[in-house]
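Me: I would be grateful for a close look at a single part of this structure, the open sheet. Please explain how its strands are arranged and where the sheet sits within the wider chain.

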Amino acid sequence: MAETAFDLDGYLNRIGYAGAREASLPALRGLIAAHSASIPFKNIDPFQGRAPKLDVASLQAKMVASRRGGYCFEHNALLRAGLIALGFDVTSLVARVVLGGPADAVTPATHMILRVDLPEGPFLADVGFGHQTATLPLRLQPGLEQQTLHEAMRLRPVSEELMLEARLAGSWQHLYRFSLRPTPDIDYEVGNWFCATYPGMFTENLIVARAGAERMRHTFLNGRVTVRRDGEVVERRTVEGERALAVVLAEPFLLTLPDERVAALLRQMSEKGILGASNPIFG
């Protein structure tokens, strides 16, 4: 992730943030809420065989200037650049995703997250966890139930790590596990390459997600659109045809693609035999 000049004005305009430009808790809350609502999570590049670039210039060109989305490494690397430009004290961390599996599952460390230190204490910042992204910063305080703009979340100790959990449909479900040991950028480069090239979740499924208003979460998976509130499904429908796919990506996911790109995505889902396919994690 090579250093380059960061266009703070462009980033703040992209996410629609007009609050104070200072390293404070209210500003952090506003930035995370605005970013989560404005930039969709998507894995289109890995799905189409491309590993995303993580340098700041590439992130700004793709997610700010071209108004596209990205997956965890891209989202949190972009947020990190914005926070540093505003004077926040940021430490890069990495997590092991255990959503849909046992809490002690041995999974690769492939989810980028951030620690932000403020006078009020340390906070977890993560705008890149797809359909369960924390839409507000979370105090790094185990056992404290914390309300986001969507679900309640909490951290609990698991051995020498912390587990992030969300209260979904009335019960606590674990999302990912992490330590507070700082992570160098080279580890993100390796994790990004693995996620974007190794046959698995991001190469074999087309995923788009965005946190909406009124505690609604919108998820697109292989042609199926699901809307949830507090973990409960309130709407589910299947998208058929290029026009319908283009419309649903534009709203509610705020993602506008050229017609040829939409056609290519539909063709690839059909060729992979995944159109309409569900997944135990995304539903």
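The reply below turns first to the chain and then to the sheet.

Reply: Please note at the outset that this is a predicted model. The chain contains nine helices and 13 strands. Its C-alpha trace extends over about 50 × 40 × 35 Å along the principal axes. For 283 residues, a compact globule would be expected to have a radius of gyration near 19 Å, and the value of 18 Å for the chain therefore agrees with that expectation. Of these 283 residues, 55% are counted as buried. Contacts across the sequence can also be described: where the two residues in contact lie at least 6 apart in sequence, 58% of the contacts join residues at least 24 apart.

Within this setting, five of the strands make up an open sheet. Their order across the sheet is E1-E10-E11-E12-E13, and they pair in the antiparallel sense. The two edges are held by strand E1, residues 41-42, and strand E13, residues 232-238. Each of these edge strands has a single partner strand, so one side of each is left without a neighbour in the sheet.

The edge at E13 can be followed in closer detail. Strand E12 covers residues 224-229, and its antiparallel pairing with E13 runs over six bridges. One pair of residues illustrates this pairing: Arg228 has Val233 in E13 as its bridge partner.

Finally, the surface and the charges complete the description of the chain. The exposed area is about 12000 Å², of which carbon and sulfur atoms supply 51%. The chain carries 30 positive and 31 negative charges, and the mean positions of the two groups are 3 Å apart.

Conventions. Residues numbered from 1 in each chain as written. Predicted model: local features only at pLDDT ≥ 70, side-chain atom pairs only at ≥ 80, totals over all residues. Heavy atoms only, no water. Helix = DSSP H or I, 4+ residues; strand = E, 2+ residues; numbered from the N terminus. Rg over C-alpha atoms; globule rule 2.2 N^0.38 Å. Buried < 20%, exposed > 50% of the residue type's maximum accessible area, 1.4 Å probe, protein only. Contact = heavy atoms within 4.5 Å. Areas by Shrake-Rupley, 256 points an atom, 1.4 Å probe, with all protein chains shown as cover. Lys, Arg positive; Asp, Glu negative; His and termini not counted. Charge placed at Lys NZ, Arg CZ, Asp CG, Glu CD. Pairing = 2+ DSSP bridges.
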